[in-house]
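Trainee: I would like to go through this model with you and ask, term by term, what justifies the words we use for it.

Mentor: Gladly; let us look at it together.

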Amino acid sequence: MACRLGSGGPRPEVLETSVLWYTEGKGDEDLHVHWFRRFCETDLQLMAPHQALRFGCRLPPSPLSYDGTLLRIRWCVRVRLFEPEQPEAMYQLPFQLVGETLPLDSPADWTASDQAADPTVRPAPRPGPQRLPRPPAGSRV
Amino acid sequence: MRLPRPWTKKRGSRLLGGAFSGAIGEAMFLAGLFLLGVFALALALFQRYGRARFAVPGGLPEGLLVIEMSTSLLGFWIIVVIATALILIGGVGLAYRLLRIGTSDERRNVFASRAAAIGPTGGDITQLPAVPGGRGATESPGLHQTYRLANDGTDLARGVIAVAALALLWNATWFVLLAVVVSGFLHGRPRWVLGFLLIPFAGIGWWALRYFFDALKRSAGVGATIVEINDHPLQPGGCYTLFVRQAGRLKLRRLRVALVCDEQSTYRQGTDLQVDSHRVLEQIIHTERDLTIDPHRPWLQELQFSLPQQAMHSFQSANNAVCWKITVSGDARPWPSFCRSFPVIVHPPVGPPRRHPR
C-alpha cells in the first residue's frame, strides 16, 4: 500500500494509517484495527514532497469479508490526516478479504507486522478511495 | 440550525444535534458535576471541622456538644460520599471526554487491543481473530464419535427449577397464612379478611403446582439428547459424521436434525438493548416421522452431512455474531415440541493446526 501527499497545501502534523475491519448492518458497529501506524511531523518532514509513503502488513485469516442480511463485515485501509487549523480528514480504501485454503507454517503468521501485502486480498467492487468528511485544501492521498 | 429536542426518543447511536455542541455540552455537564462535588465536599468539611474548632473554645456545655456532633455525623458522611462520587464521575468522565477529542477511533482501538493483550489470555495466538474459540465443544470426548457436543444451555431443566421454586414458595406461604387463620379460629379471634384472601391465593397456588407438574412431565418425558461429531471445528466444504441419540418416553410426530446458521445483531433502540436474529441457512440433515421412543430403546442414528463450500465462518464481535449449530427438534405427543441446540464452530478455510484427542 502507498499513499502520496500533494504539495499544494500545508504539510499535515500527523498522519495515521490503519488496516481495519468494521461491521455494518442492523447491529451496532464493531470495529477492530488490525494494523496501525502513526507518522508524526518529524517523520513527514523527512519525506520528499512527492515521495510515496509505503506500508504493508500481513492480513489475518479472519474475519473474512461478509455480506449478509443483518450483518456485513468490511475491510478497509484508512488514512487520517491531522493538519494545523483544519478539521481532520479521513480517506478510506475498501477491499475484500477472502479465504483460501493455504497451509500455515505457524499460528503466529497472522499477527500484524510490517510486511508485504497478503496475496489473498482482492480489491473491493467499490471503485477508488472514499473520502468521508470535508477535504482540507491542498492535501491528497 | 436544528434546535435540540430532548423529549423525542433517541434512536440507536444517531445524534440529534451537532457532534461538536454535544461534546461541549457533555464536557460542561461533567465539569459541573466535578465542581459541585468539590463545593459540597469543601462545605461539609468546613461545616464540621471549622465549626467544631470554633465551638470548643466557646464554652458550650459538654453534653450539648457531644449530642450535636453525634447527630450530624451521619449527615456529614452522606454528604462526603455523595460529593466524592460526584467528583469521581465528573473528573473521570471529563478526562475520558477530553481524551476522545484529540484521538482518532483507530488509535483508541489500538490502545484498547494492547491493553486487552496484557491479560492472562493475551498470549493465546492460536485463537483466530473474531472467531469464537469453542473449547467447550472439544473438551468432552464422545463414545461413538470423536467429540460430544455441548448443549447451548437452554435446557428444560432450568425452566423446571424456576417453576418449582415459584410453586413451592407460593404454596409454602399459603400454608403459613392458613396456619395463622386456623390459630385465630382456635383462640377465638377469627381473621375473616385473611381467610377470604386465602381462597384466590389457593387458586394461584393450584395453578403454579399444575404448571410445575406439567413442566416436570415435559422434562422427564423428553430425555437427554446426545450429539457427537467426528471432527471439530468444522471447515467449509468438509464432510462430517454425526451421531445423535434421543432418549426418553416419547411419541413423536416428527424428529428433525438440522445444521443451522444464524446471524445475530445487538443494537440500541433508545435506551433499550434489542437482539435480532436472522436464519441464513437451515440444512435438514435428517427427518423421521411417527416414531416412538421408550427408555429402553433410545433413538440412535448416524448421519452424514457436508458444510457448504461458500459457508461463512463463525464470527463473534461485541455486537454481532454468525453462529452455527446442530439442532435436534421434535414434535412430541402429548408433550409440547422441543428443540435443542448444539453450537459448533466453523473456521475460515485457513486455520491453525488441529488438536485431535485420539
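Trainee: How many salt bridges does a search of the whole structure find over all chains, and what makes a pair a salt bridge?

Mentor: The search finds 11 salt bridges over all chains, the term being reserved for a side-chain nitrogen of Lys or Arg within 4 Å of a carboxyl oxygen of Asp or Glu. Side chains of opposite charge can pair when their charged atoms come close. Bear in mind that this is a predicted model, in which local features need pLDDT of at least 70 and side-chain atom pairs count only at pLDDT 80 or more, while totals for chains, interfaces and linings use all residues. Residues are numbered from 1 along each chain as its sequence is written, chains are lettered from A and ligands numbered from 1 in the order in which they are written, and side-chain values use heavy atoms, with hydrogens and water left out.

Trainee: Why are Glu16(A) and Arg38(A) called a salt bridge?

Mentor: Their side chains meet at 2.5 Å, N to O, and this lies within 4 Å, so the pair satisfies the definition. The pair links distant parts of the chain, with Glu16(A) in strand S2 (residues 14–25) of chain A and Arg38(A) in strand S3 (residues 31–39) of chain A, 22 residues apart. Strands here are DSSP runs of E with at least two residues, and helices are runs of H or I with at least four, numbered from the N terminus.

Trainee: How do you know whether Glu16(A) is buried or exposed, and what is Arg38(A) called?

Mentor: Buried means under 20% relative accessible area, exposed over 50%, and partly exposed in between, with a 1.4 Å probe and protein chains only. Glu16(A), with a relative accessible area of 1%, is therefore buried, whereas Arg38(A), at 28%, counts as partly exposed.

Trainee: What makes Arg268(B) and Asp28(A) a salt bridge, and where do the two residues lie?

Mentor: The N to O distance is 3.3 Å, which is within the cut-off, so the term applies. This pair crosses between chains, from Arg268(B) in strand S4 (residues 250–269) of chain B to Asp28(A) in the loop between S2 and S3 of chain A. Because its relative accessible area is 40%, Arg268(B) is partly exposed, while Asp28(A), at 14%, counts as buried.

Trainee: Which residue forms a salt bridge with Asp262(B)?

Mentor: Lys325(B) does, the closest N and O atoms being 3.4 Å apart. Asp262(B) belongs to strand S4 of chain B and Lys325(B) to strand S8 of chain B, 63 residues apart, and both of these residues are buried.

Trainee: Why is Val322(B) called buried, and what is it in contact with?

Mentor: Val322(B), placed in strand S8 (residues 320–333) of chain B, has 1% relative accessibility and therefore counts as buried. Contact means heavy atoms within 4.5 Å, and, leaving aside neighbours within four places in sequence, the contacts of Val322(B) include Tyr66(A) and Leu71(A) as well as Asp262(B) and Met312(B).

Trainee: What makes strand S3 (residues 239–248) of chain B and S6(B) a pair?

Mentor: Two strands pair if DSSP finds at least two bridges between them; strand S3 of chain B and S6(B) have 8 bridges, in the antiparallel sense, so they qualify. Within S6(B), Glu302(B) is the bridge partner of Phe243(B).
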